[in-house]
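Got the viewer open and a selection box ready? Let's take a short walk through this fold, one pick after another.

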Amino acid sequence: MTTDVGGPVEDLGGLVEDLGRSPVDGVGEPPLDGAVVTRLGSGGPWEALYGYSRVVRAGALAITAGCTSTVDGRVAHVGDAAAQTAQAIRIGLDALAEVGAQPGDVVRTRMYVTDRLYTDEVGRAHNAVFGPVRPVATMVVVAGLLDPEHLVEVELEAYLPEG
């Protein structure tokens with residue numbers, strides 16, 4: 001059975017089977033373990049087009065999608081890897097705050113950087129925010145990001161023990 005999800009997926013001619021709709025924008029659903037899952041969007045230009053949430057909280061775990069320095073649909077801080085990192089982290093932390101997380105709750109970060117030359121700038125910008133928190137972190141040099149002006153993309157994960 002093919003689920004009608006609208007948009008470009010309809011053009012796949014039935015190749016995508018059993019696509020389910022997930023609740024978004026704050027609607028919770030109980031998964032098998034009974035924890036509530038909350039999904040929030042930011043209104044960013046790719047969320048609706050590509051079908052993802054800015055942040056998802058599943059029980060004690062809160063995870064952001066990749067965050068860049070895109071503000072109001074435009075890349076901010078073009079050419080400045082440190083400023084793009086700071087902006088991306090701010091966007092991620094703002095999303096985490098929407099589901100109750102604070103910077104001290106962040107336990108993992110991932111940074112995708114488009115050039116090895118930016119790694120020190122990106123790492124120092126990360127340290128400016130997370131130095132006292134010291135989450136586990138991964139930095140990967142990638143061939144490119146969605147917009148060629150993006151120099152870095154950041155993902156954040158937070159743990160919020162219940163109770």
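Start by selecting His77: with 37% relative accessibility, His77 counts as partly exposed, since that value lies between the 20% and 50% cut-offs. Keep in mind that this is a predicted model. His77 belongs to the loop between S6 and H2. Check its backbone too: phi is about 60°, positive even though the residue is not a glycine. As background, most residues other than glycine have a negative phi.

Next, pick Asp72, in the loop between strand S5 (70–71) and strand S6 (74–75). What sign does phi of Asp72 have? Positive again: the value is near 55°, and Asp72 is not a glycine either. Is Asp72 buried or exposed? Its relative accessibility is 78%, so Asp72 counts as exposed.

Now select residues 55–58 and 61–64, which are strands S3 and S4. S3 and S4 pair in the antiparallel sense, with 4 bridges between them. To find the register, look at Val55, which stands opposite Thr64 in S4. The hairpin has 2 residues between its strands, and Gly59 takes a positive phi there, near 65°.

Stay on S4 and show the side chains. In a regular strand, side chains alternate between the two faces of the sheet. Which residues of S4 are on the covered face? Ala62 and Thr64 are, while Leu61 and Ile63 sit on the uncovered one.

Add residues 152–159 to the selection: that is strand S9, running antiparallel to S4 and joined to it by 3 bridges. Here the pair to click is Ile63 and Glu157, since Ile63 stands opposite Glu157 in S9.

Last stop, the helices. Two packed helices are described by the angle between their axes and the distance between the axes. Select H2 (residues 81–98) and H3 (residues 119–130); their axes come within 8 Å and cross at roughly 40°. H2 and H3 are therefore oblique to each other, and their crossing is right-handed. To see who touches whom, show Ala81, Ala82, Thr85, Ala86, Ile89 and Leu93 on H2, then Glu121, Val122, Ala125, His126, Val129 and Phe130 on H3. Colour that contact by class and you get 9 nonpolar, 2 polar and 1 charged residues.

How values were computed
Residues numbered from 1 in each chain as written. Predicted model: local features only at pLDDT ≥ 70, side-chain atom pairs only at ≥ 80, totals over all residues. Heavy atoms only, no water. Axes fitted to C-alpha atoms, helices over the stretch in contact; angles between N-to-C directions. Parallel < 35°, antiparallel > 145°, perpendicular 65-115°, else oblique. Left-handed = near helix turned anticlockwise from the far one by under 90°. Contact = heavy atoms within 4.5 Å. Nonpolar A, V, L, I, M, F, W, Y, C, P; charged D, E, K, R; others polar. Buried < 20%, exposed > 50% of the residue type's maximum accessible area, 1.4 Å probe, protein only. Pairing = 2+ DSSP bridges.
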